[in-house]
Amino acid sequence: MRLNDQTTSALLLVTPALLGLLLFILLPFATALVLAFTDLRLGSPLAVNFVGTDQFLSLFNDPDFIRALLNNLLFAAVVVPLQTILALALALLLNRGLPGTVAFRTLFFMPVVFPMSLVAVIWSLIYAPGENGMMNAFLQWASFGLWEAKDFLRDPLLAMPAIMLLSIWQGVGFQMVILLAGLQGIPQTLYEAAALDGAGRWRQLLHITLPQLRNPLIFVMLVTTILAFRLFDQVQIMTRGGPENATTTVVYETVQAAFARQQVALASAMTVVFFLLVLSITWLQRRFTHHEREVA
Amino acid sequence: MATIEFDNVCKSFGDGINAIHELNLKVDDGELMVLVGPSGCGKSTLLRMTAGLEEVSSGEIRIDDRVVNHTPPQQRNVAMVFQNYALYPHMTVRGNLEFPLRMQKQPANRIEASVKRIAEMLDLSPLLDRKPKALSGGQRQRVAMGRAIIREADIFLMDEPLSNLDARLRVEIRGEIAQLQRELAITTLYVTHDQAEAMTLGQRVAIIDQGLLQQVGSPQEIYERPNNSFVAGFIGSPGMNLIQASLSSERGEIGLRLGSKRLPLPQPVLASYPGLASHREERLLVGIRPHAIHLAHADSTQHLAARVCAVEAMGHETILHLDTELIMHANPKTAADKARENQPHLLVQLNGHHNFRVGDQLRIELGIGKLCFFDADGRAIG
């Protein structure tokens with residue numbers, strides 16, 4: 001860096017932002033990193049000891065935490081592809097320029113604007129147990145009475161899919177808008193050239209749309225994956241991790257450890273694991289995009 | 001191998017604009033037909049209708065006597081070179097060339113052989129693994145040509161394929177296209193707004209203005225006997241001078257009244273324009289190419305006085321913009337021309353370099369044998 005009179009004013013100008021980053025992001029993370037190697041408990045009269053990697057060892061021997069990790073992985077593995085395909089389908093439909101496009105675009109995007117806590121409460125009502133629950137009533141009607149009323153959020157097999165469904169419903173609009181913008185950036189002449197080269201609609205999708213949409217698609221999948229690992233609000237409000245840990249997640253376990261059991265050190269270790277996990281996913285997806293970037 | 005026929009083809013867009021109006025045209029098998037006209041005249045629309053990218057409002061388009069109005073582009077076996085080339089940016093040059101063959105589900109070894117042949121033909125072999133972004137304009141143009149040639153389509157459509165290239169490359173590739181087309185003998189419809197391109201490329205040239213076909217013919221026919229005053233002004237660089245005049249007969253001798261001058265028309269001119277006889281005492285337009293006007297000899301009796309308004313010295317020729325007593329007819333070539341020249345000047349094209357300055361007075365003489373005549377509506381008088 002060349003030092004000149006601009007450097008001083010530049011430093012002066014970035015100081016507030018840097019200070020914020022330092023105070024609210026870097027410092028807490030550094031603290032968590034340090035605490036993860038201690039045995040700190042909130043309100044404990046005992047002295048704090050440095051315990052090395054003990055917290056991490058106990059984490060990976062904790063069946064609840066392992067279950068939480070697996071739940072997160074399952075959630076990401078189901079929600080990311082389903083939500084992306086659904087978003088792409090909606091974006092393609094809206095990009096056809098059919099009448100009512102604006103109305104539908106608004107409609108699909110609306111859930112994104114709602115706070116998740118509100119969405120979770122509303123879906124708790126939808127999933128209400130008994131024949132009068134909305135979802136139960138709908139399924140009964142759709143299956144001509146074959147469906148037996150279930151208590152979705154208290155059924156170990158159904159609780160996770162129920163949360164997945166509402167998460168997709170809530171998140172799909174955001175992805176759709178990003179993909180729609182990407183679609184609108186594809187030059188029409190590419191489709192015309194492909195049509196003249198003999199490509200029908202399906203092969204135009206395969207050979208023009210998808211490759212041209214590559215970067216928005218990767219971006220959208222990256223963001224959704226990270227959000228999938230941050231899964232918390234729905235769980236906290238609708239199932240509290242149950243039944244039988246069927247819906248517990250890493251963030252939920254962390255919050256439980258820190259604020260219900262006062263195990264601050266253990267919770268810190270969890271956040272460090274969570275951070276490394278998200279970091280590695282991001283890194284992987286960056287590698288995917290990197291050598292194709294000149295296409296964009 | 002195919003013919004293209006346009007039979008009363010009309011195209012109107014939703015907002016009531018008629019892009020093409022009752023157009024009839026036949027492109028023969030193996031012919032290179034150039035569609036030329038000012039921008040917005042409908043020539044690209046015509047091309048896109050032939051490709052199937054645009055619907056025909058009424059009339060018929062036939063390829064090899066088969067009506068294709070409702071045939072999707074995929075089934076027309078038509079190849080097109082787009083103005084911006086429309087290369088697939090995510091594919092390499094090889095991928096771009098292969099694409100139409102892969103869509104035909106050709107076996108891999110045949111595809112590879114075709115790519116090799118085309119790449120050699122167009123000098124693309126060293127570029128096969130590059131993406132379009134890493135190519136120069138001329139190289140992209142050749143890839144676009146290659147992608148059109150490789151599938152052995154019945155018809156080539158070219159939509160201003162040279163307009164994104166610089167002038168030198170344009171001339172070079174223009175020659176290559178003409179040569180390729182002759183070798184392959186594929187029926188080709190070529191759209192351009194550049195009349196020089198049309199004249200040098202086309203075996204026949206179709207001139208379109210405001211959705212109407214103005215004239216079809218060989219470049220020479222169009223240049224020498226334009227159908228109407230639009231064609232006269234549009235073709236040629238610069239276009240034909242159009243002068244308001246009237247035809248008078250005195251003592252049985254037919255002559256042109258040009259401003260205050262009276263120019264007797266010699267017998268050979270009258271013989272080659274027999275239609276003139278029926279336009280006696282009428283107002284008409286006289287067309288004369290800029291190179292058919294020359295400086296008057298000292299002993300000339302038919303000279304006009306003129307004042308130089310502008311000089312374009314090109315080295316091998318000099319174009320003079322002259323103010324004379326003649327009343328010029330506005331050249332309808334393009335809107336830009338109209339804006340620039342409210343009262344058009346008489347243009348004179350002289351061979352070689354001449355040291356004229358703005359304001360110089362000089363005397364000129366019209367080449368009587370090279371006049372064209374148009375009636376008050378701009379139609380040529382035969």
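Of the 382 residues in chain B, 40% are buried, where a residue counts as buried if 20 or more other C-beta atoms lie within 10 Å of its own, as exposed if 12 or fewer do, and as partly exposed in between, with C-beta atoms placed from the backbone. The structure is a predicted model, in which local features need pLDDT of at least 70 and side-chain atom pairs count only at pLDDT 80 or more, while totals for chains, interfaces and linings use all residues. Residues are numbered from 1 along each chain as its sequence is written, and chains are lettered from A and ligands numbered from 1 in the order in which they are written.

**Overall layout of chain B**

The C-alpha atoms of chain B fill a box of roughly 80 × 45 × 40 Å along the principal axes. Chain B has ten helices and 20 strands; helices (H or I, at least four residues) and strands (E, at least two) are DSSP runs, numbered from the N terminus. The domain assignment divides chain B into domain 1 (4–234) and domain 2 (241–374), with bounds that come from an automatic or database domain assignment. The C-alpha centres of domain 1 of chain B and domain 2 of chain B are 37 Å apart. Among the contacts in chain B with a separation of 6 or more, 69% are between residues 24 or more positions apart, two residues being in contact if their C-beta atoms, placed from the backbone, lie within 7 Å.

**The nonpolar cores**

A nonpolar core is a set of buried Ala, Val, Leu, Ile, Met, Phe, Trp, Tyr and Cys residues joined through C-beta atoms within 7 Å. The largest such core has 106 residues, and those with the most contacts inside it include B:V34, B:A148 and B:I155. Both domain 1 (4–234) and domain 2 (241–374) of chain B give residues to this core, so it lies between them. Apart from it there is another core, of 52 residues, with A:L69, A:A91, A:V119 and A:L153 among them. Leaving out residues up to four places away in sequence, B:I155 touches B:A2, B:I4, B:I63, B:V78, B:I186 and B:T187.

Helix α4 (residues 137–149) of chain B has 13 residues and reaches 18 Å from its first C-alpha to its last, close to the 18 Å expected at 1.5 Å a residue; the expected span is 1.5 Å times one less than the number of residues in the helix. Because ten of the 13 residues of α4(B) are buried, this helix is largely enclosed by the rest of the structure. The buried residues of α4(B), which include B:R140, B:V143 and B:A148, pack against β6 (78–81), α2 (93–103), α3 (108–121), β7 (155–159) and α5 (167–184) of chain B.

In strand β10 (residues 212–217) of chain B lies B:L213, which is buried, with 22 other C-beta atoms within 10 Å. Although B:L213 and B:L35 are 178 residues apart along the chain, their C-alpha atoms are separated by 9.5 Å.

**Two hairpins and some backbone details**

Two strands pair if DSSP finds at least two bridges between them. Strand β11 (residues 241–250) and strand β12 (residues 253–258) of chain B pair in the antiparallel sense over five bridges, and B:S246 has B:R257 in β12(B) as its bridge partner. β12(B) also pairs in the antiparallel sense with strand β13 (residues 261–264) of chain B, over four bridges, where B:L258 stands opposite B:K261.

The table lists residues with a positive phi.

| Residue | Phi | Place |
|---|---|---|
| B:R251 | about 50 degrees | turn of the hairpin of β11(B) and β12(B) |
| B:G259 | near 60 degrees | hairpin of β12(B) and β13(B) |
| B:A86 | near 50 degrees | loop between β6 and α2 of chain B |
| B:E160 | about 45 degrees | loop between β7 and α5 of chain B |

B:A86 is buried, with 24 other C-beta atoms within 10 Å, and B:E160 is buried as well, with 20. A cis peptide bond, with omega about -5 degrees, joins B:S237 and B:P238, and B:P238 lies in the loop between α8 (229–234) and β11 of chain B.

**Where the chains meet**

The contact between the chains takes 15 residues from chain A and 18 residues from chain B. On the side of chain A that touches chain B, the elements that give two or more residues are α8 (188–196) and α9 (201–212) of chain A, and α8(A) gives the largest share, six residues.
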